[in-house]
Amino acid sequence: MAGNDELRFGALGDSCAHLCVDMQRMFAEHTDWCTPWMPRVLPKVKHIVEAHPLQTVFTRFIPARAPGQGEGTWKRYYERWASMTIEQLGPDRIELVPELARFVPPAETVDKHVYSPWVETNLHERLRARGIDTLVVTGGETDVCVLSTVLGAVDRGYRIVIVTDGLCSSSDEAHDAMLTLYHSRYGQQVETVTTDTLLQNWV
């Protein structure tokens, strides 16, 4: 795992929000998209949410309702992953894991139909209206929806703090590669820290 466990650009304050990516039942339970070590990072994520519930925004990935729905390659995608459509999963599986769902409200949610939470949502406007310029990022998967979340935040000028022990993926190799990438290629926009270091420096 690459990166120094420090906030190079100073402590965090009222202009910081916690963006928790796709910690949902369909990724935590025994489905075709199960992320095996989500339970391992859940206590870390919960610890952050407990400390800053008002500053937390949960994203939820909403799959197609039925196989074959979606535009372009998403149509093929849901033909391949027919088992992960709402029709076959059931709507309850889209919900946040129970350990986090109880924090809504005061925590907020943003629903998305693609990997990025910045597309076809008002997330950016909601954050800016609250004076947010810094995002703490947790959740899954490190190399898919978290990656899309981080790159979109970089493009919009946010300072980004990635919580290294608050991320999960179904691929250890891709997870490690992404942490190396964040640290080595996005040094002016992205900082990588552990949960303990984050909470010690978010006042």
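How many helices and strands does the secondary structure of the protein come to? The count is nine helices and six strands. The radius of gyration is 16 Å, close to the 17 Å that the globule rule gives for 203 residues, so this protein is as compact as a globular protein of that length. Keep in mind as you look around that this is a predicted model.

**The whole protein**

- Picture a box of roughly 45 × 35 × 30 Å, taken along the principal axes: that is what the C-alpha atoms fill.
- Out of the 203 residues, 47% count as buried.
- The accessible surface comes to about 9300 Å², and carbon and sulfur atoms own 49% of it.
- Take the contacts with a separation of 6 or more: 79% of them come from residues 24 or more positions apart.
- On the charge side, there are 19 positive and 27 negative side chains. The centres of those two sets lie 2 Å apart.

**Helix H2 and the loop before it**

- H2 covers residues 38-51, which makes 14 residues. From its first C-alpha to its last it reaches 20 Å, close to the 20 Å expected at 1.5 Å a residue.
- Several H2 residues are tucked away: Met38, Val41, Leu42, Val45, Ile48 and Val49 are buried.
- Just look at the loop between helix H1 (25-28) and H2, and you'll find Pro36 there.
- Is Pro36 buried or exposed? Pro36 is exposed, because its relative accessible area is 55% and the cut-off for exposed is over 50%.
- Pro36 and Ser170 are 134 residues apart along the chain, yet their C-alpha atoms are separated by 6.3 Å.

**Helix H7 and its surroundings**

- H7 runs over residues 145-155, and its buried residues include Cys145, Val146, Thr149 and Val150. Gly152, Ala153 and Val154 are buried in H7 too.
- After H7 comes Gly157, with a positive phi near 85°.
- Val144 sits in the loop between strand S4 (134-140) and H7. Val144 counts as partly exposed, because its relative accessibility is 26%, which falls between the 20% and 50% cut-offs.
- Val144 and Ser169 are 25 residues apart in sequence, and their C-alpha atoms are 8.4 Å apart in space.
- For a pair that involves H7 residue Thr149, try Glu71: the two are 78 residues apart along the chain, with 21 Å between their C-alpha atoms.
- Glu71 itself belongs to the loop between strand S2 (56-61) and helix H3 (73-80). With 71% relative accessibility, Glu71 counts as exposed.

**Two cis peptide bonds in one loop**

- Zoom in on the loop between helix H5 (98-101) and strand S3 (108-112), where Pro105 lies. Pro106 is found in the loop between H5 and S3 as well.
- The peptide bond from Val104 to Pro105 is cis, and its omega is near -20°.
- The peptide bond from Pro105 to Pro106 is also cis, this time with omega near 15°.

**Positive phi outside glycine**

- Asp22 has a positive phi, near 55°, even though it is a residue other than glycine. You'll spot Asp22 in the loop between strand S1 (16-21) and H1.
- Asp22 has a relative accessible area of just 2%, so it is buried, given that the cut-off for buried is under 20%.
- Glu120 is another non-glycine with a positive phi, of about 60°. Its home is the loop between S3 and helix H6 (123-129).
- Is Glu120 buried or exposed? Glu120 is exposed, with a relative accessible area of 75%.

**Phe9 and its contacts**

- Phe9 is in the segment before S1. At 40% relative accessibility, Phe9 counts as partly exposed.
- Which residues is Phe9 in contact with, leaving aside its neighbours within four places in sequence? They are Arg159, Gly187, Gln188 and Glu191.
- Take Gln188 from that list: Phe9 and Gln188 are 179 residues apart in sequence, and 9.1 Å apart in space from C-alpha to C-alpha.

Definitions and conventions: Residues numbered from 1 in each chain as written. Predicted model: local features only at pLDDT ≥ 70, side-chain atom pairs only at ≥ 80, totals over all residues. Heavy atoms only, no water. Helix = DSSP H or I, 4+ residues; strand = E, 2+ residues; numbered from the N terminus. Rg over C-alpha atoms; globule rule 2.2 N^0.38 Å. Buried < 20%, exposed > 50% of the residue type's maximum accessible area, 1.4 Å probe, protein only. Contact = heavy atoms within 4.5 Å. Areas by Shrake-Rupley, 256 points an atom, 1.4 Å probe, with all protein chains shown as cover. Lys, Arg positive; Asp, Glu negative; His and termini not counted. Charge placed at Lys NZ, Arg CZ, Asp CG, Glu CD. Expected span 1.5 Å × (residues − 1).
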